[in-house]
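Hi everyone, thanks for making time for this. I'd like to walk you through one structure, with an eye on charged pairs and on how the domains meet.

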Amino acid sequence: MTFENSIAFARKMDRNDPLSSYRKKFIIPKHKGKTAVYFVGNSLGLQPKDTKRYINEELEDWGTLAVEGHFNGRRPWMHYHKFSKKALAEIVGAKSIEVVALNQLTVNLHLMMVSFYRPTKERFKIIMEAGAFPSDQYAVESQLNYHKLNVDTALVELKPRLGEHTLRTEDILQSIDAHRNQLALVLLSGVQYYTGQFFDIKKITEVGHRSGALVGFDLAHAVGNVPLQLHKDNVDFAVWCSYKYLNSGPGGIAGIFIHEKHKNDSNIPRFAGWWGHKENVRFQMKKGFIPMQGADGWQLSNVPVLAGAAHLASLKLFEEAGILNLRKKSILLTSYLHSLLNEMDPKGDKFEIITPSNSNDRGCQLSILMKKNGRKVFSGLMKKGIFTDWREPDVIRAAPVPMYNSFEDVYKFAHVLSTLI
Ligand SMILES: *Cc1c(COP(=O)(O)O)cnc(C)c1O
């Protein structure tokens, strides 16, 4: 595909975009009365217009049915966790039994580590990427402390080679192999939040398993952004949040994946709650926890229905649009951005794109490392109604989201950026 640096070309791309109608299903923020360019769906996805209706329906049922809404609501609250399964399973490439929406991401990461990080004297190391999202770092550090392990010896952090910004798959695999006698857990992100790198989940999982470790992924920046195959790739567990690419609202309900192979393993320790108890006897309120099969058995509490409603409103759009179609558009959209950026600064004097240049190794986000005046350029974009985000020390992250961003958005962003640098 040859891209052209013109608004006419961008508009032509939008006219030919089979998913262009989805933009109208979202509320796009305004800036000084004009529609803004919103490239921060990697931080907080936009609100689908249908979300209000979904939440209002639950408020209505609560008002008119009160406690009876658990059974007689239009989406009975008792069964709320079931309604998101099909869409989530499709998005992460899983079977229904392997996924469930619950809690918040970091809470889920702790729950998963309780179950899947079981250090022994011989096997106690965790491999993760250096510079992982802080919440993940704190979660892992505190888990190590909880097991009375020393962070310096138990935590292996993967760093890019000198002068490089992203990790080479071969280096990740080699590191896993090098620690194989002591490795308990490989815990990486699916798409790295800072660099936008999409890791090779299949290979990492394979080599992790060959090394005798369990393998989990934090998919905060991958879910709804790139197609996933968690079941086929044999990943042990994964966690994600729903307020980024899944557009389910600030603090929205998160989710987990637990591979089917673990569904009946009673040796797996877990922190339990009544919503994970065998469903047909849950209300007998008896002593002795009997887990539901699969991911459901990790549920603790009944579902926060208002957040759950927002989740369903958004997932419906993913079911309709299809994650593979979204990916197809996403590759074009981000490649267009990549090409306009390269054209603007061919020698890389002003900035450097640290996200991998191969589409297969990234999601929709490009991370632009600014060589000078980065903060000023970032504020300049904001003043022109272009939402990006700033990550210390010097990176502007821009995420054209295929669900609601347009090629014209990309053109406008690049055009304003070129005037600012
Ligand atoms: C966004 C994000 C989080 C946020 O955690 P919450 O528990 O949802 O507040 C954690 N980890 C990663 C990798 C993220 O990208």
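**Salt bridges and a domain interface**

Let's start with glutamate 164 and arginine 168, whose side chains form a salt bridge with N and O 2.4 Å apart. Before going on, please keep in mind that this is a predicted model.

How exposed are these two partners? Glutamate 164 is partly exposed, at a relative accessible area of 29%, and arginine 168 is partly exposed as well, at 30%.

Now for a pair in another setting. Arginine 397 and aspartate 389 also meet through their side chains in a salt bridge, at 2.5 Å from N to O. Are those two buried or exposed? Both arginine 397 and aspartate 389 are buried.

A third pair is arginine 53 with aspartate 50, a salt bridge in which the closest N and O atoms are 3.2 Å apart. Arginine 53 is partly exposed, with a relative accessible area of 41%, and aspartate 50 is partly exposed too, with 32%. This pair also belongs to something wider: Asp50, Arg53, Glu57, Glu58 and Arg75 are linked in a network of salt bridges. For the whole model, the rule gives a count of 25 salt bridges.

Let's move on to the domains. The protein is split into domain 1, made of 7-48 plus 322-420, and domain 2, covering 56-319. Their C-alpha centres are 28 Å apart.

What do they share at the interface? From domain 1, 37 residues are in contact with 24 residues of domain 2. Together the two domains bury about 2,500 Å², and 61% of that lies on carbon and sulfur atoms.

So here is one for the charge enthusiasts: how many salt bridges cross the interface of domain 1 and domain 2? The rule finds zero. Polar contacts are another matter, with twelve residue pairs counted between domain 1 and domain 2, both residues at pLDDT 80 or more.

Which elements make up the domain 1 side? Helix H12 (323-344), strand S14 (366-370) and strand S17 (395-398) each supply at least two of the residues there that touch domain 2. H12 gives the most, with four residues. Sorted by class, that side of domain 1 has 18 nonpolar, ten polar and nine charged residues. To put those last points side by side: nine charged residues sit on the domain 1 side, and zero salt bridges are found across to domain 2.

That's my tour, and I'm happy to take questions.

Note on methods: Residues are numbered from 1 along each chain as its sequence is written. This is a predicted model: local features need pLDDT of at least 70, side-chain atom pairs count only at pLDDT 80 or more; totals for chains, interfaces and linings use all residues. Side-chain values use heavy atoms; hydrogens and water are left out. Domain bounds come from an automatic or database domain assignment. Contact means heavy atoms within 4.5 Å. Buried area is the accessible area (1.4 Å probe) that two parts lose on being put together, summed over both. A salt bridge is a side-chain nitrogen of Lys or Arg within 4 Å of a carboxyl oxygen of Asp or Glu. A polar contact is a pair of N or O atoms within 3.5 Å; within protein, one must be able to donate a hydrogen and the other to accept it, and residues adjacent in sequence count only if both atoms are side-chain atoms. Ala, Val, Leu, Ile, Met, Phe, Trp, Tyr, Cys and Pro count as nonpolar, Asp, Glu, Lys and Arg as charged, and the others, Gly among them, as polar. Buried means under 20% relative accessible area, exposed over 50%, partly exposed in between (1.4 Å probe, protein chains only).
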